[in-house]
Every structure is written in structure tokens, then in C-alpha cells.
Amino acid sequence: MRVRADLIVITDDVYAPFVEGFRSAASAAPRQTIVLHSFSKFWGTTGLRLGVVGLHRDNALDARLAAATGDALAPHYYATIDIPALARERYGDAFAHWLRSGVEPIDFVVHLAEERGIVLLDGGGFDAPRMSVRVSLANLPDDAYKPIGRAIAELLGE
């Protein structure tokens, strides 16, 4: 059987132990297949959610990721806002310098939560600019972003 080199298959083999003679797609296309398997179904403990994800050591997914560059590697789960850069853009270099040198990076996030009820992640632990915030793009409703932006702008203005 000939398999396209760029094909990635995800196979749910959760019920494989219950099917006599089951043959996973991974046996036909091992480099192109990501296998999902749950132990909890076999053990009758479905609420525990115990499982594994399996990949061949020499898999096509790793090869595609290694070949990808720039925006192709950006999952867009978060938007990073560089607070001093925003301060410079809105209020000038002197204010941005004061902010960077006179305020601890985490303080902006803390004040945003305490004073505005907006909880964001500090970007510092994610190789982001010093004193940046990360806004989740994966789990908030669209109408949540305007109040977040407004709260950031208001706190920066104060």
C-alpha cells in the first residue's frame, strides 16, 4: 500500500480491545498515524480518562513540524501585549522608561486583577517581552476582548 508522505491520520483505537482481529491504521501507515488509546474503557472506568497518545519514533508529524517556519508554528492560543511598548506608543518614551524601570513586571497583572477584575497571564514566563500580558484567544467569548482592552488602556492611563 502506498501512503502519501504528507498525510497525518488520527485513529481512535479506544475500542480496539473489544474487536476481535482489530487492525489499527497505524499498522498500515505507521509514520503517518497518531494513535489514541484509552485504558479506562478496557478497565471499565470511563470516568478516570486514562489513556495514551502514540506516535512512531520516525513520524511524519515531527518531520512536518521540523520543516515548518515562522507563522506555521504559531498556534494563536494567546495574544501577547507588550505593556511598555503600548505605553511608549500612547504616552511617549519617558513614560515607557519610567514604567520599565520603576514598576515590577508582575505589578501590572496584579493591579489589573485587583482593580479591574481582569485576570491575565504575565508574559514573562513564556519568553515574551518584559512586563507583557498574555490574553487567551482559545476560551473566551468574542465580547470579552473589548472590556479586557479597555481595562488595560485605563490602567495604563492611570
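Here are some short exercises on this structure, each with a worked solution.

Before you start, note that this is a predicted model, where local features need pLDDT of at least 70, side-chain atom pairs count only at pLDDT 80 or more, and totals for chains, interfaces and linings use all residues. Residues are numbered from 1 along each chain as its sequence is written, and side-chain values use heavy atoms, with hydrogens and water left out.

**Exercise 1: Rings that pair up**

Task: Work out which residues the ring pairs link into a cluster, and describe how the rings of Tyr91 and Phe95 are arranged.

Solution:

Step 1. Get the idea straight: a pair of aromatic rings is described by the distance of the centres and the angle of the planes. Rings of Phe, Tyr and Trp (its six-membered ring) pair if their centres lie within 6.5 Å; planes under 30 degrees apart are stacked, over 60 edge-to-face, and the rest tilted.

Step 2. The structure has three aromatic pairs. In one of them, Tyr91 and Phe95, the centres are 5.6 Å apart and the planes make an angle of 80°, so the pair is edge-to-face.

Step 3. Now go on to Phe95 and Trp98: with ring centres 5.8 Å apart and planes at 20°, this pair is stacked. Phe95 and Trp98 sit three residues apart in helix 5 (residues 93-102), so about one helical turn separates them. Helices here are DSSP runs (H or I, at least four residues), strands are runs of E with at least two, and both are numbered from the N terminus.

Step 4. Put the pairs together, and Tyr91, Phe95 and Trp98 are linked into a cluster.

Step 5. Check how open these residues are, using relative accessible area (buried is under 20%, exposed over 50%, partly exposed in between, with a 1.4 Å probe and protein chains only). Tyr91 has 42%, Phe95 has 23% and Trp98 has 48%, so each of them counts as partly exposed.

**Exercise 2: A charge over a ring**

Task: Find which ring the charged end of Arg134 sits over.

Solution:

Step 1. Know the test: NZ of Lys or CZ of Arg must be within 6 Å of the ring centre and within 35 degrees of the ring normal.

Step 2. The ring belongs to Tyr78, and the charged end of Arg134 is 3.8 Å from its centre.

**Exercise 3: The largest pocket**

Task: Say which residues line the largest pocket and which elements give two or more residues to its lining.

Solution:

Step 1. Start with the method: rolling a probe the size of a water molecule over the atoms shows where empty space is left. On a 1 Å grid over the protein atoms alone, a pocket is an open set of points where a 1.4 Å probe fits, with protein on both sides within 12 Å along at least five of seven lines; lining residues have an atom within 4 Å of a point.

Step 2. List the lining: Phe95, Trp98, Leu99, Val103, Phe108, His111, Glu115, Leu155, Leu156 and Glu158.

Step 3. Helix 5, helix 6 (105-116) and helix 7 (145-157) each give two or more residues to that lining.

Step 4. Sort the lining by type, and you get seven nonpolar, one polar and two charged residues. Ala, Val, Leu, Ile, Met, Phe, Trp, Tyr, Cys and Pro count as nonpolar, Asp, Glu, Lys and Arg as charged, and the others, Gly among them, as polar.

**Exercise 4: Met131 and its backbone**

Task: Decide whether Met131 is buried or exposed, and say where it lies.

Solution:

Step 1. Met131 lies in the loop between strand 5 (121-122) and strand 6 (132-136).

Step 2. With a relative accessible area of 1%, Met131 is buried.

Step 3. Met131 is not a glycine, yet its phi is positive, at about 60°.

**Exercise 5: Contacts of Ile10 and Ala26**

Task: Name the residues that Ile10 and Ala26 touch, leaving out those up to four places away in sequence.

Solution:

Step 1. Contact means heavy atoms within 4.5 Å.

Step 2. Ile10 is in strand 1 (residues 9-12) and is exposed at 59%. Ile10 contacts Ile34 and Leu36.

Step 3. Ala26 belongs to helix 1 (residues 25-28) and is partly exposed at 21%. Ala26 touches Thr33 and Val35.
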